[in-house]
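The exercises below are meant to be worked with the sequence and the coordinates open side by side. Try each task before reading its solution.

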Amino acid sequence: MSANADTYRSGLEAVDRIVNRESEADEVLRRVVEVLRDRFAHYSWVGIYLVEGDDLVLGPWKGPQATEHVRIPVGQGICGAAAETGRTEVVDDVSADARYLACFPSTRSEIVVPISYEGRVVGEIDIDSDEPSAFGEADRAFLERVALLISPHCLVGWDTGGVPWPEVRR
């Protein structure tokens, strides 16, 4: 069940404020994850993965529990497919998609939005929902806009020198 237009609009305004007022990349991404998780009831788990070499490495996330998938090879699973193609993946029923890397028994649907900067995928927004078919065109358009706004803050994920995300400081 998608949110209403006002929720998307206010969410985008909140993300825009964060991007324009916060200078630390890790703080921008952490706060954006909080906005997404807190303002959208149908977003059960929200995480940002950053590209590091040939892998996606989990950065900030918010949800009821951690995922075991903290490093995903590009091309593997729904997350890896989105990173490989640079296209948003919407899965209405994760149990019907063989690519799905099970994280939580409660997850019914997923959207993965690549974050690109200067034509190169640098990360992605991964959102699970406990509702089937939870993500519509409004979610896609909203999250693709969020990805564009935060893309410069994901560049740090390119070259952490193997240092885990929480230890990276700019």
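A polar contact is a pair of N or O atoms within 3.5 Å, where, within protein, one atom must be able to donate a hydrogen and the other to accept it. The model examined here is predicted.

**Exercise 1.** Determine which side chain makes a polar contact with that of Asp55, and place Asp55 in its surroundings.

*Solution.* Begin with the secondary structure, where Asp55 is found in strand 2. Next, turn to the side chains: those of Asp55 and Arg71 are joined by a polar contact of 2.9 Å, which lies within the 3.5 Å limit. Finally, set aside the neighbours within four places in sequence, and the residues in contact with Asp55 are Leu50, Arg71, Ile72, Pro73 and Val74.

**Exercise 2.** Work out the order of the strands in the sheet and identify its edges.

*Solution.* Start from the succession of elements, which from the N terminus reads α-α-β-β-β-α-β-β-β-α, giving 4 helices and 6 strands in the protein chain. The 6 strands form an open sheet with antiparallel pairing, in the order 3-2-1-6-5-4. Its edges are strand 3 (71-73) and strand 4 (89-91), each of which pairs on one side only, and the twist from one strand to the next averages 25°. As a check at one edge, strand 4 and strand 5 (residues 109-117) run antiparallel and are joined by 3 bridges; Val90 has Ile111 in strand 5 as its bridge partner.

**Exercise 3.** Describe how helix 3 and helix 2 are placed relative to the strands.

*Solution.* Take helix 3 (residues 77-85) to begin with: it packs on the sheet, touching strand 1, strand 2, strand 3, strand 4, strand 5 and strand 6, and its direction makes about 30° with that of strand 5. Helix 2, for its part, lies across strand 1, strand 2 and strand 6, and runs at about 60° to strand 2.

**Exercise 4.** Establish the span of helix 2, which of its residues are buried, and what covers them.

*Solution.* Helix 2 comprises 15 residues (25-39) and reaches 21 Å from its first C-alpha to its last, close to the 21 Å expected at 1.5 Å a residue. Taking buried to mean under 20% relative accessible area, one obtains Ala25, Asp26, Val28, Leu29, Val32, Val33, Val35 and Leu36. Their cover includes helix 1 (5-21) and helix 4 (137-150), together with strand 1 (45-52), strand 2 (55-62) and strand 6 (120-129). For the chain as a whole, buried residues make up 49% of the 170 residues.

Note on methods. Residues numbered from 1 in each chain as written. Predicted model: local features only at pLDDT ≥ 70, side-chain atom pairs only at ≥ 80, totals over all residues. Heavy atoms only, no water. Helix = DSSP H or I, 4+ residues; strand = E, 2+ residues; numbered from the N terminus. Buried < 20%, exposed > 50% of the residue type's maximum accessible area, 1.4 Å probe, protein only. Expected span 1.5 Å × (residues − 1). Contact = heavy atoms within 4.5 Å. Pairing = 2+ DSSP bridges. Axes fitted to C-alpha atoms, helices over the stretch in contact; angles between N-to-C directions.
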